[in-house]
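User: I have not worked with this structure before. Could you please walk me through it?
Analyst: Certainly; here it is, and you may ask about any part.

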Amino acid sequence: MKNLVILTGAGMSAESGIATFRDSNGLWNNYPVEQVATPEGFRANPQLVLDFYNHRRRELLGAEPNDGHRGLAALEKYFKVHVITQNVDNLHERAGSTHVVHLHGELMKSCSVKNPDAPFPIPPDSPDLHVGDKAPDGGQLRPFIVWFGEAVPKIDEAARYVETSDIFVVIGTSLNVYPAASLLNCVRNGQATYLIDPQDVRIYRKDIKFIKKGASEGVRILAEELSGMI
């Protein structure tokens, strides 16, 4: 089986009703990054930050994977698939993808402020975190999210997958967020590479096939394109 590696961003889950961050009506227009997505913001007003992610979590629990998520999972019948996602939702897993690397953390997990690298699952029937909720080590629980200014611990693992891929696909990301955007530099010249997005995406490489569609329609077209490589 060929190695198929897919990098997904917010556009992957937009059709499932998950709010994006950077679009014209995105979350960052309503919530300053510094307040809800930095360690400093959490120290200044932890309940504001917890409430922001509590809302995101409840939104996720009411969402379902879209045809794009399901289409990527179906490709595992024909390829060795690794999904690298900038998204913190679990829609890839719920659609059936079995190899998912979350670069920016996972919404349905929490961690201790004393050890942010050791996550705990958050029960769907009790999804909210509050000030005073403690981990076993006594530290305040916080979202298991990589905030701005924090290291991205999974980026080296992701780079290794891209470097050894036969086919690389980017879906629903503007490639403006680093270090995730740097993964494109790991792709070999001439390697089969696809970019799926309904918007124009400025990229420096000329050897990328652009499928200007949303996630679901784009993945359907991608599957047809890849059928000749099985």
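User: To begin, how many helices and strands does the protein chain have?
Analyst: The secondary structure comprises eight helices and nine strands. Both are DSSP runs numbered from the N terminus: helices are H or I runs of at least four residues, and strands are E runs of at least two. Please note that this is a predicted model, in which local features need pLDDT of at least 70 and side-chain atom pairs count only at pLDDT 80 or more, while totals for chains, interfaces and linings use all residues. Residues are numbered from 1 along each chain as its sequence is written, and side-chain values use heavy atoms, with hydrogens and water left out.

User: What is the radius of gyration of the protein chain?
Analyst: The radius of gyration is 18 Å, close to the 17 Å that the globule rule gives for 230 residues, so the chain is as compact as a globular protein of that length. The radius is taken over C-alpha atoms, and the rule is 2.2 Å times the number of residues to the power 0.38. Along the principal axes, the C-alpha atoms fill a box of roughly 55 × 30 × 30 Å.

User: What percentage of the residues is buried?
Analyst: Buried residues account for 48% of the 230 residues. Buried means under 20% relative accessible area, exposed means over 50%, and partly exposed lies in between, using a 1.4 Å probe and protein chains only.

User: And what share of the contacts joins residues at least 24 apart?
Analyst: Among contacts between residues at least 6 apart in sequence, the share is 64%. A contact means heavy atoms within 4.5 Å.

User: Turning to the rings, how many aromatic pairs are there?
Analyst: There are three aromatic pairs. Rings of Phe, Tyr and Trp (its six-membered ring) pair if their centres lie within 6.5 Å; planes under 30 degrees apart count as stacked, over 60 as edge-to-face and the rest as tilted. One of the pairs is F42 with W147, whose centres are 5.4 Å apart and whose planes are at 40 degrees, so this pair is tilted.

User: Where in the chain do F42 and W147 lie?
Analyst: F42 is in helix α3 (residues 39-44), and W147 is in the loop between β6 (141-145) and α7 (155-163). The two are 105 residues apart, and their pair links distant parts of the chain. F42 counts as buried at 10% relative accessibility, and W147 is buried at 3%.

User: Which kind of pair do F52 and Y53 form?
Analyst: Their pair is edge-to-face, with 4.9 Å from centre to centre and 90 degrees between the planes. F52 is buried at a relative accessible area of 3%, as is Y53 at 5%. Ring pairs link F42, F52, Y53 and W147 into a cluster.

User: Which ring does the charged end of R56 sit over?
Analyst: The charged end of R56 sits over the ring of F52, 4.7 Å from its centre. Likewise, R142 lies over the face of W147, at 3.8 Å from the ring centre. A charge sits over a ring if NZ of Lys or CZ of Arg is within 6 Å of the ring centre and within 35 degrees of the ring normal.

User: Which residues of α4 are buried?
Analyst: They are V49, L50, F52, Y53, N54, R56, R57 and L60. What covers them includes α2 (33-36), α3, α6 (91-95), β4 (105-112) and β6. Helix α4 (residues 46-61) has 16 residues, and its end C-alpha atoms are 22 Å apart, in agreement with the 22 Å expected at 1.5 Å a residue. That expected span is 1.5 Å times one less than the number of residues.

User: A different topic: where is the cis peptide bond?
Analyst: A cis peptide bond joins Y178 and P179, with omega about 10 degrees. P179 lies in the loop between β7 and β8. L175 is also found in the loop between β7 and β8. L175 has a positive phi of about 60 degrees although it is not a glycine, and L175 is buried at 11% relative accessible area.

User: Finally, which residues does K212 contact outside its neighbours within four places in sequence?
Analyst: Those contacts are with D197, P198, Q199 and D200. K212 lies in the loop between β9 and α8 and is partly exposed, with a relative accessible area of 46%.
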